[in-house]
Amino acid sequence: MIKAFDFQQGTLPLLVSMPHPGTLLTPAIASGLTPRAQRLEDTDWHIPELYQPIAEMGASTLCARYSRYVVDINRPPDDKPLYSTATTGLFTDIFFDGEPIFEQGREPDAATKADILNTLWQPYHQQLADELMRLQDKFGYALLLDAHSIKSVVPRLFEGRLPDLNFGTAEGASCSPQLSQSLLACCEDFPQYSRVLNGRFKGGYITRHHGNPEQHIHAVQLEMAQCCYMNEESFEYLPEKAGQMQQLLERLVATALRWGKERYDKR
């Protein structure tokens with residue numbers, strides 16, 4: 001099996017986690033997908049390219065290589081629902097709109113799921129935890145940015161149009177409130193983008209499990225509306241729109257790093 005993720009160690013106290021841009025499939029999953037599902041439409045398209053300037057700034061990056069149709073790395077291993085509203089699970093069998101992704105009777109069996117959990121889900125989370133520990137040991141703190149994107153309109157998941165920028169901190173449990181407010185304030189210089197904190201997307205398993213402000217590990221999920229940087233129908237990356245968003249991402253990272261330096265240099 002091809003390796004589960006791509007990892008690049010950086011020089012900053014920041015790790016960017018990208019759990020959903022992968023497009024690889026295991027043979028067992030690929031053989032059961034419907035024709036529609038083979039387009040992998042629920043992928044977080046182009047996230048590594050969008051965040052490349054952040055990697056060039058010195059952030060560590062962790063990027064899953066397999067599709068969320070194989071396993072959703074941002075769900076808990078026991079598949080306990082993270083939201084009371086509509087969502088998808090650890091081993092999803094539906095699109096975001098609720099239609100099945102597998103041909104009838106072609107869903108993965110229990111043994112296949114157990115193998116995937118062991119060979120794809122677990123290594124990603126182990127690498128994530130190891131890198132956060134390294135950053136915390138080196139700098140006295142660690143910042144985790146969990147990077148996501150989704151279509152701006154998905155009626156089954158949320159009403160109307162999604163805000164452009166959806167920050168999630170598990171209602172403040174995964175990150176210092178001062179940091180999340182600093183990030184929101186940073187967005188005021190980019191009025192073309194709407195934003196919300198702990199709205200429909202409050203942070204998935206990665207944010208909730210790995211964020212630990214008491215241990216100086218601050219985790220924020222950023223769920224971005226895909227129309228901000230790509231064509232949502234053709235999945236085409238739009239460099240001009242993406243470039244504008246990258247300016248905001250660079251500002252967000254600079255703001256977070258400045259906050260961390262001011263807070264922890266005084267310790």
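There are zero disulfides in this structure, which is a predicted model. Two of its cysteines help show why, and after them we'll look at a cavity and at a strand called E2. Leu14 ties those last two topics together: Leu14 is among the residues nearest the centre of the second largest cavity, and Leu14 is also one of the buried residues of E2.

**Cysteines without a bond**

- A disulfide needs two cysteine sulfur atoms within 2.5 Å, so that's the cut-off to keep in mind here.
- Take cysteine 175: the closest cysteine sulfur belongs to cysteine 187 and sits 13 Å away, so the pair is too far apart for a bond.
- Cysteine 175 is also buried, with a relative accessibility of 1%.
- Cysteine 227 has its closest cysteine sulfur in cysteine 228, but at 4.7 Å that is still too far for a bond.
- Is cysteine 227 buried or exposed? Cysteine 227 is buried, at 18% relative accessible area; the limit for buried is under 20%.

**The second largest cavity**

- The model has three cavities of 30 Å³ or more.
- The second largest cavity comes in at about 150 Å³.
- Its lining is made up of 13 residues, and the ones nearest the centre are Leu14, Leu145, Leu183, Val220 and Ala256.
- Which elements each give at least two residues to that lining? They are strand E4 (142-150), helix H5 (177-186), strand E7 (217-225) and helix H7 (239-264).
- As for chemistry, the lining of the second largest cavity counts 12 nonpolar residues and one polar residue, with no charged ones.

**Strand E2 and its neighbours**

- Strand E2 covers residues 14-18, and five of its five residues are buried.
- In a regular strand, side chains alternate between the two faces of the sheet.
- In E2 both faces are covered: Leu14, Val16 and Met18 are buried on one side, while Leu15 and Ser17 are buried on the other.
- E2 and E4 run parallel and are joined by four bridges.
- Within that pairing, leucine 14 has leucine 143 of E4 as its bridge partner.
- E2 also pairs with strand E3 (residues 60-64), again in the parallel sense and over four bridges.
- On that side of the pairing, leucine 15 stands opposite serine 60 in E3.

Terms used
Residues are numbered from 1 along each chain as its sequence is written. This is a predicted model: local features need pLDDT of at least 70, side-chain atom pairs count only at pLDDT 80 or more; totals for chains, interfaces and linings use all residues. Side-chain values use heavy atoms; hydrogens and water are left out. Buried means under 20% relative accessible area, exposed over 50%, partly exposed in between (1.4 Å probe, protein chains only). On a 1 Å grid over the protein atoms alone, a cavity is a set of points where a 1.4 Å probe fits but cannot get out, and a pocket is an open set with protein on both sides within 12 Å along at least five of seven lines; lining residues have an atom within 4 Å of a point. Grid points are joined across faces, edges and corners, and a volume is the space filled by probe spheres set on the points. Ala, Val, Leu, Ile, Met, Phe, Trp, Tyr, Cys and Pro count as nonpolar, Asp, Glu, Lys and Arg as charged, and the others, Gly among them, as polar. Two strands pair if DSSP finds at least two bridges between them.
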